[in-house]
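Me: Could you take me through this model, beginning with how its surface is computed?

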Amino acid sequence: MSKDMKLIMENWRQSTIQEQQAITAQKFVDRIKLGLMVLSAKAAGKEALKQLAEEVGPEMMEAGLDMVKAIPGVGNAVS
């Protein structure tokens, strides 16, 4: 492979990796937001928690709580 072609491929791979990380970061933030919504619903009462569970499903609620537990300070209070 020529030197120029190698540079082009390296730049393309780096660009692709950055796009994938951006998607992953967005999912990460969305799950944290969902976890915070679950915590808010818990504080609001059983009816709010039940309504949120109906909207997002129990699996997503659990995934959101898992992400919130990973946040220093917040995770200690939730666990």
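Reply: Accessible areas come from the Shrake-Rupley method with a 1.4 Å probe. For this chain, the accessible surface comes to about 6,200 Å², and carbon and sulfur atoms hold 58% of that.

Me: What share of the 79 residues is buried?
Reply: Buried residues, those under 20% relative accessible area, make up 18% of the 79 residues.

Me: And what are the ground rules for the model?
Reply: This is a predicted model, in which local features need pLDDT of at least 70, side-chain atom pairs count only at pLDDT 80 or more, and totals for chains, interfaces and linings use all residues. Residues are numbered from 1 along each chain as its sequence is written, and side-chain values use heavy atoms, with hydrogens and water left out.

Me: Which element has the lowest mean pLDDT, and which the highest?
Reply: On pLDDT, the predictor's confidence in each residue from 0 to 100, helix 4 (residues 74-78) has the lowest mean, 57, and helix 2 the highest, 89. The chain averages 77.

Me: How many helices and strands are there?
Reply: There are four helices and zero strands, taken as DSSP runs (helices H or I, at least four residues; strands E, at least two).

Me: At what angle do helix 2 and helix 3 pack?
Reply: Their angle is about 110°, with the axes 7 Å apart. Angles run from 0 to 180 degrees between N-to-C directions. Helix 2 is therefore roughly perpendicular to helix 3, a term covering 65 to 115 degrees.

Me: Which residues meet there?
Reply: Leu49, Leu52, Ala53 and Val56 of helix 2 meet Pro58, Met60 and Met61 of helix 3, contact meaning heavy atoms within 4.5 Å.

Terms used. Parallel < 35°, antiparallel > 145°, perpendicular 65-115°, else oblique. Buried < 20%, exposed > 50% of the residue type's maximum accessible area, 1.4 Å probe, protein only.
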